[in-house]
Amino acid sequence: MDQTVSGLVVKGIAFTPLPQPLFDQLLPIDQVMSLLAQSLGSQVNQLIKQTGIPVTEFERHFLCSTMIELPFTTQSVKWQDIATQLKEYGDHQPDTFVNAYECASWGYSLRHYLKQAELEQRQAKYMIVSIMDANVYNFEFWRYNEHWEHSGFGITTVILEVEAPLTDEMTIGCAVTHNGVAEFATVVRRTMMKKPGAVVALPFFPVNVQMMFEKLLRGQPSLPDLHANHGHCFGADPWLSLLTHGLNNKIEQPQRFMACSVALNGYYAIADLMMTPDTVLIMNKEWQRD
Amino acid sequence: MTKQCQQYSGTLTRMPFAHKPSICEAQMLPLTTDSDFAVFADFTSSPYPVLLNVREHYQILSDLVEKAQLCWPGITTVIRISMPGGMRIPNNLLADNVLLLEDLTAEEQKLVAFTNPLLVIEDRFSHIEIDNNDNSISLRLYSNEVLPTDALRPLITYLHQRGVAK
């Protein structure tokens, strides 16, 4: 059955752009990760404070990434050390790191959270998720490649409230064909048919992929692609899109959106949600090492 | 209520799919600049042998999850997967009762308190020398109910077939 509103409400979005390159010269990786953890810890506290939600409301907090993996894969950095540093900013900081689902990691993490709440027969109220993508080794592939051309890097935190029992607000899945991005576009269109009034916030891609989206979405309303401004910012794209929209257009009444991410390997996440006049929107200055 | 836990630890001692040709696919990101190569050359590498590729690793995890589903339908399963492997993860590992994490510590602690039953799969199979993995694997099965002796046996038998030994 069609619903006119989503039970999922965006309470706040914060984004801190990261410069390219991150530093003039490469620093030891443990130092880089510590500096990023400090920036993340502050951002999380900044956003929570402005939403006015007590920090005790957050039972889980995942940190997601697409392209931060080599520090952990090579065991140059241990996640537990980063989690310990984040804990200095409070127990509500991320304690778990998810990158297996690449750009869709935020959606798979939230799905897990909602599923566990359901199994424990309790209603999840607030959910928080952070996304961090940083070119910590300054690899050329992550700066620019043929899949999505320029990349953009940043730290993002999103707070959602489950205002009403959820039905089909989260669409999480994986393409079955090898053209994951095109298949994703058809899933987005199908999902939109069930969400009257929703405006889609898509991942940022070069013009050729944007044209494919336009074709496959057949004129469904969507927020502008910001690839030319930011590059492809991995799982942060739809949140950066909503943030930019909210800052440029005063939201005077609840508006419905679909935040969509797709990974190169075909995993996708679509969240049907509302932005309201109360949604806290924070666009920080580009991060600089103190 | 006391949580029951059964566990198993072993080490991969040989190539897991004997008598089958296996592609050597390191699946690393392309290196182009001098700096890329310098960074790569700086990673330490472990003395442990590389015995499988990402495809075979995913196959083992997928088979373990399939067997677990038969034993305990719908069981919540957390699996340590460190890196996006450059290929699509098998479908049953993407199911909503499975979560793939870099480090299991915090989530395992939370799930043990409320989730019943719970399976944890934590391996350090090496795909490439610089991952510094030691080819170990651990399974932990938690349950509120008394578990039959050797409840993990179907999974352990499978691991033995794939060359894992205690």
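**Entry 1. Cysteines**

I began with A:C174 and found this residue buried, with a relative accessible area of 15%. I note at the outset that the model is a predicted one. I then asked how far the sulfur of A:C174 lies from the closest cysteine sulfur. The distance is 13 Å, to A:C103, which is too far for a bond. I searched the whole structure for disulfides and obtained 0 over all chains. A:C103 is likewise in no disulfide, and I recorded 10 Å to the nearest cysteine sulfur, that of A:C233. A:C103 counts as buried, because its relative accessibility is 6% and the cut-off is under 20%.

In chain B I looked up B:C71, which lies in helix α2, residues 54–71. I classed B:C71 as partly exposed, since its relative accessible area is 33%. I also took the separation of the C-alpha atoms of B:C71 and B:I60, which are 11 residues apart along the chain, and obtained 17 Å.

**Entry 2. Where the two chains meet**

I next turned to the interface. How many residues of chain A are in contact with chain B? I counted 43 residues of chain A, in contact with 41 residues of chain B. The two chains bury about 3,700 Å² between them, and 56% of this is on carbon and sulfur atoms. On the side of chain A, the residues that lose the most area to chain B are A:T73, A:Y101 and A:F139, which together make up 14% of what that side buries.

I counted 23 residue pairs in polar contact between chain A and chain B. The elements of chain A that give two or more residues to this side are α2 (70–73), α3 (79–87), β3 (96–98), α4 (105–119) and α5 (140–143). The largest share comes from α4(A), with 6 residues. Sorting the residues of this side by character, I noted 19 nonpolar, 15 polar and 9 charged.

**Entry 3. Salt bridges between the chains**

I found 3 salt bridges across the interface of chain A and chain B. One of them joins the side chains of B:K110 and A:D95, at 2.4 Å from N to O. I also looked up the pair B:E107 and A:R60, whose closest N and O atoms are 2.7 Å apart. This pair crosses from helix α3 of chain B to the loop between α1 and β2 of chain A. Are B:E107 and A:R60 buried or exposed? I recorded both residues as buried.

**Entry 4. Salt bridges within chain A**

Over all chains I counted 16 salt bridges. In chain A, A:E161 forms one with A:K11, the closest N and O atoms being 3.4 Å apart. This pair links distant parts of the chain, with A:E161 in strand β7 (residues 154–162) and A:K11 in strand β1, 150 residues apart. A:E161 is buried, with a relative accessible area of 8%.

A further salt bridge joins the side chains of A:R122 and A:E59, at 2.8 Å from N to O. I placed A:R122 in the loop between α4 and β4 and A:E59 in the loop between α1 and β2 (61–64), 63 residues apart. A:R122 counts as partly exposed at 26% relative accessibility, and A:E59 is partly exposed as well, with a relative accessible area of 39%. I also noted a network of salt bridges that links A:D168, A:K195, A:R256 and A:D272.

**Entry 5. A buried arginine in chain B**

I looked up B:R80, which is placed in strand β2 (residues 76–80) of chain B. B:R80 counts as buried, because its relative accessibility is 5%. A polar atom of the B:R80 side chain lies 3.2 Å from the backbone oxygen of B:D123. Leaving aside neighbours within four places in sequence, I listed the contacts of B:R80, among them B:L101, B:E102, B:I121, B:R124 and B:N133.

**Entry 6. Backbone details**

I checked the peptide bonds and noted that the one from A:Q20 to A:P21 is cis, with omega near -10°. A:P21 is in the loop between β1 (8–17) and α1 (29–51) of chain A. In chain B, the peptide bond from B:N116 to B:P117 is cis, with omega near -10°. B:P117 is in the loop between α3 (105–114) and β4 (118–123) of chain B.

I also looked up values of phi. A:Q75, which is not a glycine, has a positive phi of about 60°, and lies in the loop between α2 and α3 of chain A. For A:Q121 I recorded a positive phi near 55°. A:Q121 is in the loop between α4 and β4 (126–133) of chain A, and counts as exposed at 76% relative accessibility.

Notes: Residues are numbered from 1 along each chain as its sequence is written. Chains are lettered from A and ligands numbered from 1 in the order in which they are written. This is a predicted model: local features need pLDDT of at least 70, side-chain atom pairs count only at pLDDT 80 or more; totals for chains, interfaces and linings use all residues. Side-chain values use heavy atoms; hydrogens and water are left out. Contact means heavy atoms within 4.5 Å. Buried area is the accessible area (1.4 Å probe) that two parts lose on being put together, summed over both. A salt bridge is a side-chain nitrogen of Lys or Arg within 4 Å of a carboxyl oxygen of Asp or Glu. A polar contact is a pair of N or O atoms within 3.5 Å; within protein, one must be able to donate a hydrogen and the other to accept it, and residues adjacent in sequence count only if both atoms are side-chain atoms. Helices (H or I, at least four residues) and strands (E, at least two) are DSSP runs, numbered from the N terminus. Ala, Val, Leu, Ile, Met, Phe, Trp, Tyr, Cys and Pro count as nonpolar, Asp, Glu, Lys and Arg as charged, and the others, Gly among them, as polar. Buried means under 20% relative accessible area, exposed over 50%, partly exposed in between (1.4 Å probe, protein chains only). A disulfide is a pair of cysteine sulfur atoms within 2.5 Å.
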